[in-house]
Amino acid sequence: FSTKMIKGLAITRMPFTSASILPVLVVGAYFAGIGDGLFSILQFVCTIIAIMIAHLAMNVINDYFDVKDGTDEANAEYFQQVSGGSRAIELGLISLKGTLKLGGLLLGIAIGMGSVLMYNVYQAWPGNFSGIIIVALSGLFLGYFYTARPIRLVARRGLGELAIFLAFGPLLTLGAGYAIFKGDLYSTMNSEEINHFLNLILLGIPLGLLTTNILLINEFP
């Protein structure tokens, strides 16, 4: 069982989910620090789980496309601590076909949980529904086409870094806010809600930069 757990951690690169979970925790702390009862605890917990699974899905899918395009095979110095992806396929932990299946399964679970979250938002705070839809689709687009053809943002002169900054920064903090805030961040936009909206974007900037720096340090080797 321990071997299977370690294998699963390696294939999905689970430790890196801290980069996606932290922004959600920061948004929860932001609303909790302002006052009581501003966000849904249940939505908060479900958002953390959904984001984590979505991140795992993108990790696996990105590995699939990197191997399929020959990127990982060309990296002969993957043994360096900060160079390369999971190397799970190259090390025989999972096949290329198995990687695609696992990525699809995780993505399906993430989309299912996301749909439930968005339905709850639509029922309780319909003003946030349009916002969460836009953010979710944008994040899904950036995550999938980060390595997937025909766009392959990772290979387009800095667009990959920009995509990661947005996905793990302002888009994620805004999306978390839309998912958990017991109010309206989108349609009525009174002065207090405008402040929340802007603050969520501002919170996302340093968080996005931190994750982008992970990419930058990986590019040195």
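Student: How many salt bridges does the structure hold?

Tutor: The structure, a predicted model, holds four salt bridges.

Student: What makes Asp66 and Arg152 a salt bridge?

Tutor: Their side chains meet at 3.9 Å, N to O. The cut-off asks for a side-chain nitrogen of Lys or Arg within 4 Å of a carboxyl oxygen of Asp or Glu, so the pair of Asp66 and Arg152 qualifies. Asp66 belongs to helix H3 and Arg152 to the loop between H6 and H7, so the pair ties together parts 86 residues apart in sequence.

Student: Why is Arg152 called buried?

Tutor: Buried means under 20% relative accessible area. Arg152 has 12% relative accessibility, so it counts as buried. Its partner Asp66 is buried too.

Student: And what makes Asp69 and Arg149 a salt bridge?

Tutor: The distance for Asp69 and Arg149 is 3.0 Å, N to O, and the limit is within 4 Å, so this pair counts as well. Here Asp69 sits in the loop between H3 and helix H4 (71–74), while Arg149 sits in the loop between H6 and H7, 80 residues apart.

Student: Are Asp69 and Arg149 buried, exposed or partly exposed, and how do you know that?

Tutor: Arg149 has a relative accessible area of 54%; exposed means over 50%, so Arg149 is exposed. Asp69 has 27%, which falls between the limits of 20% and 50%, so Asp69 is partly exposed.

Student: Which distance makes Arg152 and Asp69 a salt bridge?

Tutor: Their side chains meet at 3.2 Å, N to O. That is within 4 Å, so the pair of Arg152 and Asp69 fits the definition. The two residues are 83 apart along the chain, with Arg152 in the loop between H6 and H7 and Asp69 in the loop between H3 and H4.

Student: Which residues are linked in a network of salt bridges?

Tutor: Asp66, Asp69, Arg149 and Arg152 are linked in this way.

Student: What else does Arg152 touch, leaving out residues up to four places away in sequence?

Tutor: Its contacts include Thr71, Phe145, Tyr146 and Thr147. The backbone deserves a look too: Arg152 has a positive phi of about 45 degrees although it is not a glycine.

Student: Where is there a cis peptide bond?

Tutor: It joins Arg149 and Pro150, with omega of about 10 degrees. Pro150 lies in the loop between H6 and H7.

Student: Let's turn to the rings. How many aromatic pairs are there?

Tutor: The structure holds eight aromatic pairs. One of them is Tyr122 with Phe129, at 5.0 Å centre to centre and 65 degrees between the planes.

Student: Why is the pair of Tyr122 and Phe129 called edge-to-face?

Tutor: Centres must lie within 6.5 Å, and planes over 60 degrees apart count as edge-to-face. With 5.0 Å and 65 degrees, Tyr122 and Phe129 meet both conditions, so the label follows.

Student: What makes Phe141 and Phe145 tilted instead?

Tutor: Their centres are 5.1 Å apart, with 50 degrees between the planes. That angle is neither under 30 degrees nor over 60, so the pair of Phe141 and Phe145 counts as tilted. Phe141 itself is partly exposed, at 38% relative accessible area.

Student: Which residues do ring pairs link into a cluster?

Tutor: The cluster consists of Tyr64, Phe65, Phe141, Tyr144 and Phe145.

Conventions:
Residues are numbered from 1 along each chain as its sequence is written. This is a predicted model: local features need pLDDT of at least 70, side-chain atom pairs count only at pLDDT 80 or more; totals for chains, interfaces and linings use all residues. Side-chain values use heavy atoms; hydrogens and water are left out. Rings of Phe, Tyr and Trp (its six-membered ring) pair if their centres lie within 6.5 Å; planes under 30 degrees apart count as stacked, over 60 as edge-to-face and the rest as tilted. Buried means under 20% relative accessible area, exposed over 50%, partly exposed in between (1.4 Å probe, protein chains only). Contact means heavy atoms within 4.5 Å. Helices (H or I, at least four residues) and strands (E, at least two) are DSSP runs, numbered from the N terminus.
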